[in-house]
Amino acid sequence: APPTPTPIPVAVDPPPAPPVQIITNPQWITRPNGDDFARFYPRRALDSNIEGRASLSCLVGADGRLSCTVLSEDPQNMGFGEAAVRISRQFRMRPQTVNGEPTAGGSIRLPIRFQVPE
């Protein structure tokens, strides 16, 4: 009888990661207040009476806390991006649930605007 051929291993791509669900209607449990904005306002911008904004991309943890990175800041190099990331730690949202259990997952874009206090 002829020898049975040895199977040749075939490389198989891993299945694609499930797409991250974009959260469009967040239910906030806590949000930063005016004192938080005053505390984290970039000092150099505040001293120069400069207002600004930043846009963050955030992942939501099972505890509802956000883990964010800066997408953009305007004006550049005034510290608004870093300040927005610090402020984002004051946000907490109702996490997604699977079978009634809180679960990590989902992402949200978070625009943060800094206005010079009156």
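**Group meeting: strand pairing, the disulfide and the salt bridges**

Leucine 59 stands opposite serine 67 in S3. I start there since the sheet around that leucine carries much of this talk.

First, the provenance. This is a predicted model, in which local features need pLDDT of at least 70 and side-chain atom pairs count only at pLDDT 80 or more, while totals for chains, interfaces and linings use all residues. Residues are numbered from 1 along each chain as its sequence is written, and side-chain values use heavy atoms, with hydrogens and water left out.

Now confidence. pLDDT is the predictor's confidence in each residue, from 0 to 100. The chain has a mean of 87, with 85% of its residues at 70 or more. Of the elements, helix H3, residues 80-88, has the highest mean at 97, and strand S5, residues 96-98, has the lowest at 73.

Next, the overall layout. There are three helices and seven strands in the chain; these are DSSP runs, numbered from the N terminus, with H or I and at least four residues for a helix, and E and at least two residues for a strand. Along the sequence the order is β-α-α-β-β-α-β-β-β-β. Taking contact as heavy atoms within 4.5 Å, 73% of the contacts between residues at least 6 apart in sequence join residues at least 24 apart.

On the surface, the accessible area is about 8,500 Å², and carbon and sulfur atoms account for 52% of that. Areas come from the Shrake-Rupley method with a 1.4 Å probe, and for residues only the protein chains shown count as cover. I call a residue buried under 20% relative accessible area, exposed over 50%, and partly exposed in between, with a 1.4 Å probe and protein chains only. By that count, 30% of the 118 residues are buried.

Back to the strands. Two strands pair if DSSP finds at least two bridges between them. S2 and S3 run antiparallel and are joined by eight bridges. S2 is also joined to strand S7, residues 107-114, by eight bridges, and those two run antiparallel. On that side, leucine 59 stands opposite serine 107. The hairpin of S2 and S3 has five residues between the strands, and in it glycine 64 takes a positive phi near 85°.

What joins S2 and S3 besides the bridges? The structure holds one disulfide, counted as a pair of cysteine sulfur atoms within 2.5 Å. Cysteine 58 and cysteine 68 form it, with their sulfur atoms 2.0 Å apart. Cysteine 58 lies in strand S2, residues 52-60, and cysteine 68 in strand S3, residues 66-74, so the disulfide ties together parts 10 residues apart in sequence. The torsion about the S-S bond is about 110°, so the disulfide is right-handed. Both ends are buried: cysteine 58 has 0% relative accessibility, and cysteine 68 has 14%.

Cysteine 68 also turns up in the surroundings of serine 88. That serine lies in helix H3 and is buried, with a relative accessible area of 1%. Apart from its neighbours within four places in sequence, serine 88 is in contact with Leu56, Leu66, Cys68 and Leu110.

Last, the charges. Side chains of opposite charge can pair when their charged atoms come close. A salt bridge here is a side-chain nitrogen of Lys or Arg within 4 Å of a carboxyl oxygen of Asp or Glu. How many does a search of the whole structure find? The search finds four, and I will go through some of them.

One of them joins arginine 39 and aspartate 36, at 2.4 Å from N to O. These two are three residues apart in helix H1, residues 34-40, so about one helical turn separates them. Arginine 39 is exposed at 52% relative accessibility, whereas aspartate 36 is buried at 9%.

Another joins arginine 86 and glutamate 82, at 3.0 Å from N to O. They are four residues apart in helix H3, and again about one helical turn lies between them. Arginine 86 is partly exposed, at 40%.

Aspartate 63 and arginine 65 also meet in a salt bridge, at 3.6 Å from N to O. Aspartate 63 is partly exposed at 38%, and arginine 65 is partly exposed at 44%.

To close, the disulfide of cysteine 58 and cysteine 68 links S2 and S3, two strands that are also joined by eight bridges.
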